[in-house]
Structures are given as C-alpha cells and as structure tokens.
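Dear colleague,

I am handing over the structure below, and I would be glad if you could look through it with the notes that follow. They are written for someone who has not seen it before.

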Amino acid sequence: MQLCNNVTEFIMLGLAQDPVRKKLVFVTFLLFYLGTLLGNFLIITTIKTSRALGTPMYFFLFHLSLSDTCYSTSVAPRMIVDALLKKTTISFSECIIQVFSFHFFGCLEIFILILMALDRYVAICKPLHYMTIMSRQVCGALVFVAWVGSCVHSLAQVFLALSLPFCGPNVIDHYFCDLQPLLKLACTDTYMVNLLLVSNSGAICTVSFVVLMFSYVIILHSLRNHSAEGRRKALSTCVSHIIVVILFFGPCIFIYTRPATTFSIDKMIAVFYTLGTPLLNPLIYTLRNTEVKNAMRMLWSKKLISDDKR
C-alpha cells in the first residue's frame, strides 16, 4: 500500500459540541487552570523564598510543581480557547509540538515522583547518611537526568507520530493531540506503532507505579523502628506522596497499557490526569504538610508587613 501524508491540519472535537456545554467547559476548566497556576505558583514561590524548606524533599517538590504547571499548560490553554470557537483546528506541526510537550512534562512528573520516593527512602531508612547521599550536587544531577530522560521519551513519541501516514480523515475525537487519537486516523496498519507505544509510555507508567508502591511499602514497614512522633511525621508525608501517585498513575495506566481501542470515558479520564492531578497536587502537599503551611504563613505575614510599611 502506498503511504501518503496529505493532512496539514486536524479538526478537534473537544469535550463537547453543544454550545451551552462548551460554555460550561470553558468556565469550569478556566477555573481549574487558574487554580492549578495559583496553587503551584504558591508552592514554587514559598520553596524559593523560605530557608526552612531547603531540604532535598522540597527541592524535588519545587520541580514537581514546575512540571505540573507546564504539564497542564501544554493542554489547558488551547482547550479553554477552543471551547469558545465554533470550529477548532490545529495544524500538523502544532499537533506534534503538543505531543512532545505533553509527554515531556508528563514523563518529567513521573521521574520527579520517583526521586521524591527515593528521598523519603533515604531519609527514613538511612537517616544517618541522608545528607551525604542526598547532597545538593546529587539532587541536581538526579533532576538533570530526569529532564534528559523525559526528553528522550517525548522524542520517541514524536518519531512514532511522524511515522504515521495520514491520507484523508483528520477529525480528532479528543481535546488534545496524543498518539492514541492519531492512531485512529492513520491510513496504515498501526499494530506495531501501538505495540511500541505500550512498550514505551505503558511500560514507563506501569513499572514506575510498581517501583513507587514497592518503595513506599518498604518505607512504611521500616517506620515500626521509629518513635511515635517520627512515625507520625513520616507517615503524613508518605501518605501525601502515595495519594498523588495513585491519582496520577491510575488513569495513565488505564489509557496507555491497552490495545488500540477507545472508550467513551477516555476523554474524561484524560481530563483527570491532565487537569485534575496538577490542581490537586498543591492541595495535597500543602494541606498535609505543616512545614509548607507554616512557610506560606510566614511569606504572607512578610508581605502584609511590607505593605503596611508603605
């Protein structure tokens, strides 16, 4: 069969076609996105300005909030604007850029979550060697490796997308560009591409989830040797991390580890991990973390004092 690539743009169906529902989508997800920006910006600003949050855990939390912000931004602004338009289109090049950015920051979030689990493991299981193992140089190198690994993963997704021939159908039944919706439009057998997708994105999600949950089981088991106060503090931190891991990886595994089939619920599940999780992460980490809440209060108090002096 002769392959071709005549498609220069795609039509995005979005989450709704009805004008009233589209307005509801616009208002709802504008509020979601603004909440995500506000929550993550508060965490980023607090960690950067507070000396009390200078430990490796908050260094990784800073990068998690940064990746959450960029991850949501790779999808949300366009979806919000598209909800106001009668016909929404995206050029082929813009679609590929969105595939890259979405997978880059999504994969970066996965790697940062793994680094946060590693940090908790060392802090709880090897407390005497914590500052030696998790030095500033080591943490910086680990984050650098996470960024490089995310770039490699997202480039692989782009190469898979560019290998697909599109000969006519150009209507994407989704609200952003990803490999699964594009596979439905390709005018060739996509079995091998889907297999590569599952072995790439699916494997990263599944293996990372198993490693994370196993590491937290070890951490929680080791807490029996700690004091009651130490157990309470460590348990509070680990529970926050576990909640974030389950909320993020559950939907991702459902989407990326199955054959090239689509369900009506797919778009709503995608909303959860593209917009819901970045919004919930700041709430989970601040509401369950006394140190972050205290640092935010101090930051707010300093701002009020400086305003009064003016």
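When two helix axes are compared by the angle between their N-to-C directions, angles under 35 degrees count as roughly parallel. Please keep in mind throughout that this is a predicted model.

That cut-off applies to helix H4 (residues 92-125) and helix H8 (residues 191-222), whose axes come within 10 Å and cross at roughly 20 degrees. H4 and H8 are therefore roughly parallel to each other, and the crossing in which H4 passes H8 is left-handed. Which residues of H4 and H8 meet? On the H4 side they include His103, Cys107, Ile110, Leu113, Arg120 and Tyr121, and on the H8 side they include Ser201, Ile204, Cys205, Leu212, Tyr216 and Ile219.

Arg120 in H4, one of the residues that meet H8, also brings me to the salt bridges, of which a search of the whole structure finds three. The side chain of Arg120 meets that of Asp119 in one of them, with an N to O distance of 2.8 Å, and both Asp119 and Arg120 are buried.

Another salt bridge joins the side chains of Lys267 and Asp173, at 3.0 Å from N to O. Because Lys267 lies in helix H10 (residues 266-287) while Asp173 lies in the loop between strand E3 (171-172) and helix H7 (179-185), this pair ties together parts that are 94 residues apart in sequence. Lys267 is buried, its relative accessible area being 17%, whereas Asp173, at 42% relative accessibility, counts as partly exposed.

The side chains of Asp82 and Arg78 form a salt bridge as well, with 3.8 Å between N and O. Here both partners belong to helix H3 (residues 76-82), where they sit four residues apart, which is about one turn of the helix. Asp82 is buried, with a relative accessible area of 10%, while Arg78 is partly exposed at 25% relative accessibility.

Turning to the strands, how do the side chains along strand E1 (residues 9-12) point? They alternate, in that Phe10 and Met12 point to one face and are buried, while Glu9 and Ile11 point to the other face and are not buried. As a general matter, the side chains in a regular strand alternate between the two faces of the sheet.

E1 pairs with strand E2 (residues 89-91) in the antiparallel sense, over three bridges, and within that pairing the bridge partner of Phe10 is Ile90 in E2. E1 is also joined to E3 by two bridges, and these two strands run parallel; here the bridge partner of Ile11 is Val171 in E3.

Finally, I would point you to Phe272, which is found in helix H10, the helix that also holds Lys267. Is Phe272 buried or partly exposed? With a relative accessible area of 33%, Phe272 is partly exposed. If residues up to four places away in sequence are not counted, Phe272 touches Leu247, Pro251, Thr277 and Leu280. The C-alpha atoms of Phe272 and Phe248 are separated by 8.3 Å, although the two residues are 24 residues apart along the chain.

With best wishes

Terms used: Residues are numbered from 1 along each chain as its sequence is written. This is a predicted model: local features need pLDDT of at least 70, side-chain atom pairs count only at pLDDT 80 or more; totals for chains, interfaces and linings use all residues. Side-chain values use heavy atoms; hydrogens and water are left out. A salt bridge is a side-chain nitrogen of Lys or Arg within 4 Å of a carboxyl oxygen of Asp or Glu. Buried means under 20% relative accessible area, exposed over 50%, partly exposed in between (1.4 Å probe, protein chains only). Two strands pair if DSSP finds at least two bridges between them. Axes are lines fitted to C-alpha atoms, for helices over the stretch in contact, and angles run from 0 to 180 degrees between N-to-C directions. Angles under 35 degrees count as roughly parallel, over 145 as roughly antiparallel, 65 to 115 as roughly perpendicular and the rest as oblique. A crossing is left-handed if the near helix is turned anticlockwise from the far one by less than a right angle, and right-handed if clockwise. Contact means heavy atoms within 4.5 Å.
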